Amino acid sequence: MKEKRSFVISTMLIFVLSAVLLLSGCDRQTDPTTASQLATGTKTQDIDAAKQGVDSTMRGAAGHKIVVGMDATFPPMIFRAASGQLQGYDFAVMREVFQRMKQPFEVREVLWTQKEQELNNGTIDLVLGMRVNDQNQFLFSRSYLSSPDVIVVSTASPFSSKEEITGKTVGILADASAEALVRKAVGHAGRIVEYQERVLTLSRGIFDKEVDAVLVNGVMAKYYAKNSPGAIRIIEAGHVPAEYGLAARNDNADLIKKVNQALESMEADGTIQKLQVQWLDDLQ
């Protein structure tokens, strides 16, 4: 019964916060979205695609569609608007990359803990929003976002520093690259609870009080803090900022090369900065 209630809460949380972010966008001078577009959950860039009958698939030059795996429970990076359309900063960056590559793509939502398996099996060609690392398991694009992890607690929590989570129960996204740091922080007496989706680390971990604290991406934490005033507090974890990019199999160097060329041109002409202002604003 508790799992069913948590699922319902998680789903409602995504839609409610997505609607809040869309409505708040009306005040941004850098975001040309009109009120009517916001009401349907679409951005200006989605309107053109809709005219062509395109939803999650971008049709570019003729050829093989690149299948991109992603976690759509990661606001404001990737999430579904009330209309059901995918949007967010990561998604906007990806669409622009493929437009510049003139390459068709399609989206496949994946369970984040299975992204490596799906990439290795060939069911997807790229993973969007993956932490760039030096483990040589995959090829990574250049980073399009730098964001540190932070510790999140409820406003009622007595904790105010990372040192205080020693011996406590901390929630993380399963298979998180920061797991080793968390294990060191909580110590032998502490316990780590792994969640299969990012949104569950907050909805079940904090709001359902399953853990004392959670470790999540800093931008995501600030998004929830901004759109749920008085619900959570953020404690700096002191970690080196994580770099986010796209990942491909080691035999797909040509694809990563083309992705990097597109990202470089987007940095050079200011597109990356414009998208960060549009979607992340004061969340960095």
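Is Trp-279 buried or exposed? Trp-279 is buried, with a relative accessible area of 2%. That residue is a good place to start a tour of this structure, which is a predicted model.

**The chain as a whole**

The protein chain is built with ten helices and 14 strands. It has 284 residues, and 52% of them count as buried. About 13100 Å² of the protein chain is exposed, and carbon and sulfur atoms supply 52% of that area. Among the contacts in the protein chain with a separation of 6 or more, 72% are made by residues 24 or more positions apart.

**Aromatic pairs**

Now back to the rings. The count of aromatic pairs comes to five. Two of them are set out here.

| Aromatic pair | Centre to centre | Between the planes | Arrangement |
|---|---|---|---|
| Phe-79 and Trp-279 | 6.4 Å | 80° | edge-to-face |
| Phe-98 and Phe-105 | 4.8 Å | 35° | tilted |

Why does the pair of Phe-79 and Trp-279 tie together parts that are 200 residues apart in sequence? Phe-79 lies in strand E3 (residues 78–80), while Trp-279 belongs to helix H10 (residues 271–279), so the pair joins a strand and a helix with that separation in sequence. Phe-79 is buried, with a relative accessible area of 0%, and its partner Trp-279 is buried at 2%. The angle between their planes is 80°, and angles over 60 degrees count as edge-to-face, so the pair is given that label.

Phe-79 and Trp-279 also belong to a wider group: ring pairs link them with Tyr-223 and Tyr-224 into a cluster.

In the other pair of the table, Phe-98 and Phe-105 are both buried.

**Where helix H10 meets helix H9**

Helix H10, home of Trp-279, also packs with helix H9 (residues 253–268). In general, two packed helices are described by the angle between their axes and the distance between the axes. For H9 and H10 the angle is about 75°, and the axes are 5 Å apart. That angle makes H9 roughly perpendicular to H10.

Which residues make the contact? On the side of H9 they are Leu-263, Met-266 and Glu-267. On the side of H10 they are Thr-271, Ile-272, Gln-273 and Leu-275. By kind, the residues of this contact divide into four nonpolar, two polar and one charged.

**Drawing it together**

Helix H10 appears in both parts of this tour: Trp-279 of H10 pairs with Phe-79 of strand E3, and residues including Ile-272 and Leu-275 of H10 take part in the contact with H9.

Terms used. Residues numbered from 1 in each chain as written. Predicted model: local features only at pLDDT ≥ 70, side-chain atom pairs only at ≥ 80, totals over all residues. Heavy atoms only, no water. Phe/Tyr/Trp six-rings, centres within 6.5 Å; stacked < 30°, edge-to-face > 60°. Helix = DSSP H or I, 4+ residues; strand = E, 2+ residues; numbered from the N terminus. Buried < 20%, exposed > 50% of the residue type's maximum accessible area, 1.4 Å probe, protein only. Axes fitted to C-alpha atoms, helices over the stretch in contact; angles between N-to-C directions. Parallel < 35°, antiparallel > 145°, perpendicular 65-115°, else oblique. Contact = heavy atoms within 4.5 Å. Nonpolar A, V, L, I, M, F, W, Y, C, P; charged D, E, K, R; others polar. Areas by Shrake-Rupley, 256 points an atom, 1.4 Å probe, with all protein chains shown as cover.
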